[in-house]
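Trainee: Before we look at the model together, could you show me how each label is justified by its cut-off?

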Amino acid sequence: MSEEKVENKEVWTPRIIAYVCNWCTYGGADLAGTSRKTYDASVRVIKLPCTGRIDPLFLLKAFERGADSILVSGCHPGDCHYNTGNYHSRRRWTAFRDLLEFSGIDMRRIHFSWISAAEAVKWVDVVNDVSEKTKELGPYTEFQRINEKIKEYDGIFAEQG
Amino acid sequence: MKIPYYPGCTLNTNAKDLQECAEFSAEALGFSMVEMPDWNCCGASLPLTANSAMGYAGPTNVLIGAKEEGQKEGLEDKLVTLCAVCYNVLKRTNYAFNKDAAKLDTINSLLESDYKGDTNVVHFLEVLRDDIGFDKVKESVSKELKGLKVAPYYGCFLLRPHEEVGLDDPYAPTIFEGLLKSLGCEVVDFSHKGECCGSYSAMSNAENAAECSFSVIDAAAAAGADVIATTCPLCQYNLDSKQAMMKKNHGDMKEMPIIYFTQLLSMALGKDIGKISFKSNSINPLPLLKEKGLV
Amino acid sequence: MSRVGVFVCHCGTNISATVDVAKVAEEMKNQPGVVYTEDYKFMCSSPGQGKLKEIIDEHKLDSVVIAACSPHMHEKTFRNAAEAAGLNSFKVEMANIREQCSWVHPDKAEGTVKSLDLTKKMIEKVRLNEELDKIVMPVTKKALVIGGGIAGIQAALDIAAAGTEVIIVEKDVTLGGHMIQLSETFPTLDCSQCIMTPKMVEASLNPNITIYTYAEVEALDGYVGNFRARIRRKAKSVVEEDCTGCGICQEKCPKKVDNPFEMGHGKSKAIAVPFPQAVPNVPVIDRDSCIYYKTGKCRICEKVCGPKCIDFDQQDEIVNVDIGAIVVATGYDTMPLDRFGEYGYGKYKDVIDGLTFERMASAAGFTEGEMKRPSDGKTPETVVFIQCVGSRDESKGVSYCSKICCMYSAKQTMLYKHKVHHGKAHVFYMDIRAGGKNYEEFVRRAIEEDDANYIRGRVSRVYEKGDKLIVKGADTLSGRPVTIEADMVVLATAMTARKGADKLAQTLGISYDRYNFFSESHPKLRPVETNTAGIFLAGACQAPKDVPETVAQASAAASKVLGLLSQETLKREPITAEVNEANCIACFDCLNICPYGAITSKGITDRDGNIIKEVAEVNPGVCQGCGLCNAACRSKTIELRGFKDNQIYAEINSLAV
Amino acid sequence: MHSGHEAAKDEYIEQIAELSGEDVSLCYQCGKCTAGCPMAEKMDLPPSMVMRYMQMEHSDELKKATSRWDCIGCLVCGSRCPKLCNPAAVMEALRQEDMRKGTRSEEIEKLPVNFVKNAPQQALVSGFRKYVP
């Protein structure tokens, strides 16, 4: 699906999906706007009530749909609007990261951060940083190729009934 | 009951008085202390600084030796000490190992050993309290030390650091008091039972040590004690031999005998006073004992 | 097929300068389900909102996406407008193309691409949005206050003043708490009893206030607006309604006991009120010390009682009350001092704690306000006050600052000096924390006018020498050790949570910290709320506090209660979790992970009423909508309304390259 | 002044911190160590001040001070410290540093004959351990 873009590297821009919580990081990103900071335009924010709402499958789904990097950001430890949601998120991530790594996911493409509603500058820095790193890595073709394969096999299985 | 016994550097020499009376008392109470062979010095102090492996090698060797000897000879699975310093050093060595496995590994590789930090170190007082029982001690007393007002002096090493040594409550200990009570003594509670006697500063600064010791004697005297009982040869030395020096600075000070707890114990258990050695006492306790009708 | 309307706002030029809004509107026409698009100058303006309503009606829209500013800015505005046009408000979503796009990406091409993505993303989501109704709950217009100290009394009085019924449950025999024990209060030195007793009486006379003393809350069911508490009223052995408070029983009782109100100094009787101004002024028999309960003989109190209200067979009584809101005001304890052997508390009679000093200084206390030290009744000529005993001590105490000790130690030096003019007070302190109105001035007064000697350092040991207490401290400002011969030593002990606070928290379903203090919902913005809706905090049960702060928080809690109870029904956002009972495998990970205790286990019964399986159940009144359960659920059974998996996946899928 | 993250740590202070294994930043200067120290009266720099000088990196003053040679290792300071510090370990590290550099130590030849003859062996052993390189 993205073969043509891969070959044509100069027009390629990274696609970054950010899962952020409604209370801290979403507010921080809004504040960056209110303060007219500028940053890289490759990020797409998906707003959730809390980082604790993030199912690890959301990350895989994003890669499957062509994301080159993922950013997860919520309230600082201890500041969670729901008291403990970000701790659960962090714990879930700790348990999940080994599994992802084992499955061959490129861990350099997943970024975690705590950004409060006051930290507009941090939001800008983190997004730029993730974007920069993603540009260095190039498009996540490995995962996208797996997708192609899976689709191929899906086709074969479908044919075989 | 036979218990492996670690005498340390002083008990066979300067503090023979302490040891002989302990041996007599043990026999009278139906147990014996078996001196472990080939023992080495524990170091008489534990290093406080980090990366001080060498300081732990000595005591570890002792702990290993006791374990082996105990197993070989079918003795009790523990190690008894008389000297408060040995007790402190050996116990804290174990504590350090149990808290820091890396330290234990280092020492084991130094000594080419496989020590686990599990030799059960006990003080003679603990044997009397926990294995014999103060009630039994009391029953075995043939001469009650009535009328003798004794201040039990623990010093630093039996009580500190509490988490590491754990013999007794550092501010309201009872073990020494319990023993003395069972001997019929009048136990004098005094404020300085856990204060320092000056310890090894006796070597570098005798004046300092004398000042420390004076505050202990002063507190005991104020509380009405006739005599101070101790478990540690160095405490005994500082408190006893420095009294002449103390008098120079504190003219009105009254001399006070400093006696080993085992001397009192063996006396109560029937040891002939003539056979009790008071060689380490520069302040002779005999006049006092006579005055109290105990001789 | 859904009928989505998309409105792209110019926001003047705030958006249109860096986003091609016309293009966005135009391209969205091609999105599946979209039946109407338009770009407009100011969507939030009155004509803009009018247009929205008009188009919803005209094009029979079933959902709407507004591509404009942040939802934090105008989501409510547009949802209300849509609702006015007959559309369910949860069928409206906003795409944030201002704060997170036009303002931050100056390149118009980039901004436009991103706006397209963001708008598409919300279209995909809104198509899966369900119509949700706000949750409506009835409200029981009655409050419960747990604890009858200054915090509880203040909260109860404020609630009652608004005409709302309130019940006070007090564990002790009388109202008053710790404050009634104090002699005088900082920074004004007014007598605690003089300002506290009228409040206690006022509470007892207020027709809106019901007081249960010698009682405890045993269980709590329900949720905000609809709680039911089970209260155990312990047997007083005295019929409260008949007692006239004449006091003859106490006078004639032959059994003397230590009086805990006087901190163990001074005596009381086996049947007694703790102090003469007790509210209610009804004595209670202490069954553990009463001769009759021990030996079966005596019953003198029964014989002398005029109105015949002694009842030896009285049983505990269980009262169930329905309430809409709760204020927890259970106060504090002071740290047990047995772990501070170096200070000799318990060993030396003249080493006392701060509360004992308060009773000694109180005109009604065990020395009738005279400075007499406990050992021999002599007037202490030198008194040493030691601060931070147990506070800021990670080794043997707690690491927090108890906050009130600096002030009350300063006050106590003054009280002492005012009674013993030739006496000398020394205070060992680490830092003077006098941050409050007139507090610093108060401490300086103790030092400058009342001659208190402040020494910056801790004390290492206190021991007796003759009839003196030797205090070995340090003055860290000069770097020298300090020894003081004192006649009395007063320890400013750490404030701790009440014994059993953790148990009460579990009963009520509120959270507590590692010190067992109850946790507020947000340390800055929700300081009196707990995480359990409808339960509020007042006073030192939350953290160490002084009287002014406690009273302020109690009034704040009362206003929260009144705000809640002033409503006929409670409405709240329906962003709550829901359970698909058919799929639930009863692992109850959701129950464990829920920060609010909103999830319980429910039995599914067959026709005969036998429980055939258990499933999770969400209490929508308690659920706050964080979605932790949703992410934790292995069988995808429990889902958060408004943020269900399929909605999130729709957003992700819309971003596909 | 020693401030700012970039400022280089004083070498001597670093050495002492490492040798002692103590984190002096934990100390909040309550002075309980000095208050209980039996030698504090005689010390030029009692334990709490040693901790403070470590914090402030006053290395010249620390080098000049002699209080470490008055410390008798009774461990009262550490056992009562509310912050779980052990000033005695810092004292020992300072002493060891003196001995390593040869700036001070006890000389065996100069010990009084009387002491060597009469003192219990443990006094000599522990004294040598603490005061002799």
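Mentor: Let us begin with accessibility, where buried means under 20% relative accessible area, exposed means over 50%, and partly exposed lies in between (1.4 Å probe, protein chains only). This is a predicted model, in which local features need pLDDT of at least 70 and side-chain atom pairs count only at pLDDT 80 or more, while totals for chains, interfaces and linings use all residues. Residues are numbered from 1 along each chain as its sequence is written, chains are lettered from A and ligands numbered from 1 in the order in which they are written, and side-chain values use heavy atoms, with hydrogens and water left out.

Trainee: Why does C:Glu568 count as exposed?

Mentor: C:Glu568 has 60% relative accessibility, and because exposed means over 50%, the label follows.

Trainee: What makes C:Lys141 and C:Glu568 a salt bridge?

Mentor: The term requires a side-chain nitrogen of Lys or Arg within 4 Å of a carboxyl oxygen of Asp or Glu, and the closest N and O atoms of C:Lys141 and C:Glu568 are 3.5 Å apart, so the pair qualifies. The pair links distant parts of chain C, 427 residues apart. C:Lys141, at 37% relative accessibility, counts as partly exposed.

Trainee: How do you know that C:Lys142 and C:Glu165 meet in a salt bridge?

Mentor: Their N to O distance is 3.8 Å, which is within the 4 Å limit, and therefore the pair is counted. C:Lys142 counts as partly exposed at 24% relative accessibility, and C:Glu165 is likewise partly exposed, with a relative accessible area of 40%.

Trainee: Why is D:Lys110 called exposed, and D:Glu107 partly exposed?

Mentor: D:Lys110 has a relative accessible area of 66%, which is over 50%, so D:Lys110 is exposed; D:Glu107, with 39%, falls between the two cut-offs and is therefore partly exposed. The side chains of D:Glu107 and D:Lys110 meet in a salt bridge at 3.6 Å, N to O.

Trainee: What makes D:Lys83 and C:Glu394 a salt bridge?

Mentor: Their side chains come to 2.5 Å, N to O, and because that is within 4 Å, the rule is met. The count between chain D and chain C is two salt bridges.

Trainee: How many residues of chain D are in contact with chain C?

Mentor: Contact means heavy atoms within 4.5 Å, and by that rule 20 residues of chain D are in contact with 21 residues of chain C.

How values were computed:
Helix = DSSP H or I, 4+ residues; strand = E, 2+ residues; numbered from the N terminus.
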